[in-house]
Amino acid sequence: MQLQTSTALITGGASGLGEATARLFISQGAKAVILDLNETAGRALESEFPGQIKFLKTDVASETEVQNALDIALQTFGNIQIVVNCAGIAPARKIVGKADGIYGPHSLELFEKTIRINLLGTFNVMRLAAFAMEQNEPNAEGERGVIINTASVAAYDGQMGQVAYAASKGGIVSMTLPVARDLAKSGIRVMAIAPGLFETPLLMGLPEEARISLGQQIPFPSRLGKPSEYALLAKSIVENPMLNGEVIRLDGAIRMAPR
Ligand SMILES: NC(=O)c1ccc[n+]([C@@H]2O[C@H](COP(=O)([O-])OP(=O)(O)OC[C@H]3O[C@@H](n4cnc5c(N)ncnc54)[C@H](O)[C@@H]3O)[C@@H](O)[C@H]2O)c1
């Protein structure tokens with residue numbers, strides 16, 4: 001799949017990994033539609049790249065909001081060939097522990113919210129976008145589209161306090177193969193990236209000392225990943241027709257410790 005002739009729908013594209021992907025993709029001639037809740041950041045990107053980026057304030061977990069966004073995206077750019085799902089939240093809470101000063105069981109509401117945004121949101125965007133992509137004319141390889149989801153190394157080495165996050169990301173890992181199989185006859189590939197530790201607003205909120213110490217835990221290169229490096233892998237996945245049904249760890253060989 002060529003970026004130059006494609007439109008990419010990027011959820012969570014107003015910040016971090018999704019924003020870096022949008023910037024790289026449009027530098028290669030693609031168009032990008034960003035679905036995010038952060039209106040200020042989304043509008044700023046849209047006005048930085050008029051005609052190339054369209055921002056649509058959308059909750060990925062809402063059926064009607066995602067369908068509306070897809071309809072507008074299709075009206076604006078004709079069709080969508082690429083989906084990159086980056087929208088997500090990362091709460092920290094142990095299954096039994098202290099929250100807001102009170103010791104007790106993990107809030108069911110927080111668990112449900114994490115699954116709803118990270119897992120159900122990814123599924124919701126995939127199913128509606130795949131249905132639209134099936135209408136695309138196939139390219140010479142027979143490809144109609146590419147979907148890239150964002151898991152996490154927490155799907156494999158979840159740390160203390162990551163039960164909800166790890167469960168949501170494990171679900172994303174597990175969806176990869178069956179969805180790739182479901183969409184194979186339509187020429188739509190499905191991949192996932194499992195990032196390690198990346199320098200995004202999420203981690204930039206930590207003191208510099210903590211960021212350096214986290215970076216030093218990575219075997220090589222011993223630093224936090226750059227969002228542009230995530231974007232580079234997303235670009236390779238789009239361009240390489242043989243990549244399908246797989247999850248790629250992008251983590252400098254880190255295996256997370258229990259805490
Ligand atoms: N940064 C890392 O080290 C790291 C590591 C592993 C996995 N990830 C995953 O990568 C993805 C991107 O993370 P990031 O670090 O760029 O974070 P980020 O906070 O910079 O970006 C996430 C974006 O998702 C948006 N979002 C949240 N809930 C949403 C919803 N319901 N609907 C639409 N948009 C919503 C936020 O507004 C934000 O702009 C997440 O899924 C995260 O779990 C990040």
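Let's start where two helices meet: in this predicted model, helix α1 (residues 16-27) packs against helix α8 (residues 227-239) at an angle of about 55 degrees, and their axes are 8 Å apart. Angles from 35 to 65 degrees fall outside the roughly parallel and roughly perpendicular ranges, and α1 and α8 are therefore oblique to each other. Their crossing is right-handed. On the α1 side, the contact is made by Gly16, Leu17, Ala20, Thr21, Leu24 and Phe25. Helix α8 brings Pro227, Ser228, Tyr230, Ala231, Leu232, Ala234, Lys235 and Val238. Sorted by class, this contact has ten nonpolar, three polar and one charged residues.

Now let's turn to the sheet. Strands of a sheet pair through backbone hydrogen bonds, either parallel or antiparallel. Here, seven strands form an open sheet with parallel pairing, and their order is β3-β2-β1-β4-β7-β8-β9. Why do β3 (53-57) and β9 (247-250) each have one side without a neighbour in the sheet? Both stand at the edges with a single partner strand, so one side of each is left free of a neighbour. On average, neighbouring strands of this sheet are turned by 20 degrees against each other, direction ignored.

For a look at one pair, follow β7 (residues 145-150) and β8 (residues 188-195), which run parallel and are joined by six bridges. If you pick out Val146, you will find that its bridge partner in β8 is Arg189.

Back at the β3 edge, two helices lie across the strands. Helix α2 (residues 39-48) lies across β2 (31-36) and β3, running at about 160 degrees to β3. Helix α3 (residues 63-77) lies across β1 (7-11), β2 and β3, and runs at about 160 degrees to β3.

Definitions and conventions:
Residues are numbered from 1 along each chain as its sequence is written. This is a predicted model: local features need pLDDT of at least 70, side-chain atom pairs count only at pLDDT 80 or more; totals for chains, interfaces and linings use all residues. Side-chain values use heavy atoms; hydrogens and water are left out. Two strands pair if DSSP finds at least two bridges between them. Helices (H or I, at least four residues) and strands (E, at least two) are DSSP runs, numbered from the N terminus. Axes are lines fitted to C-alpha atoms, for helices over the stretch in contact, and angles run from 0 to 180 degrees between N-to-C directions. Contact means heavy atoms within 4.5 Å. Angles under 35 degrees count as roughly parallel, over 145 as roughly antiparallel, 65 to 115 as roughly perpendicular and the rest as oblique. A crossing is left-handed if the near helix is turned anticlockwise from the far one by less than a right angle, and right-handed if clockwise. Ala, Val, Leu, Ile, Met, Phe, Trp, Tyr, Cys and Pro count as nonpolar, Asp, Glu, Lys and Arg as charged, and the others, Gly among them, as polar.
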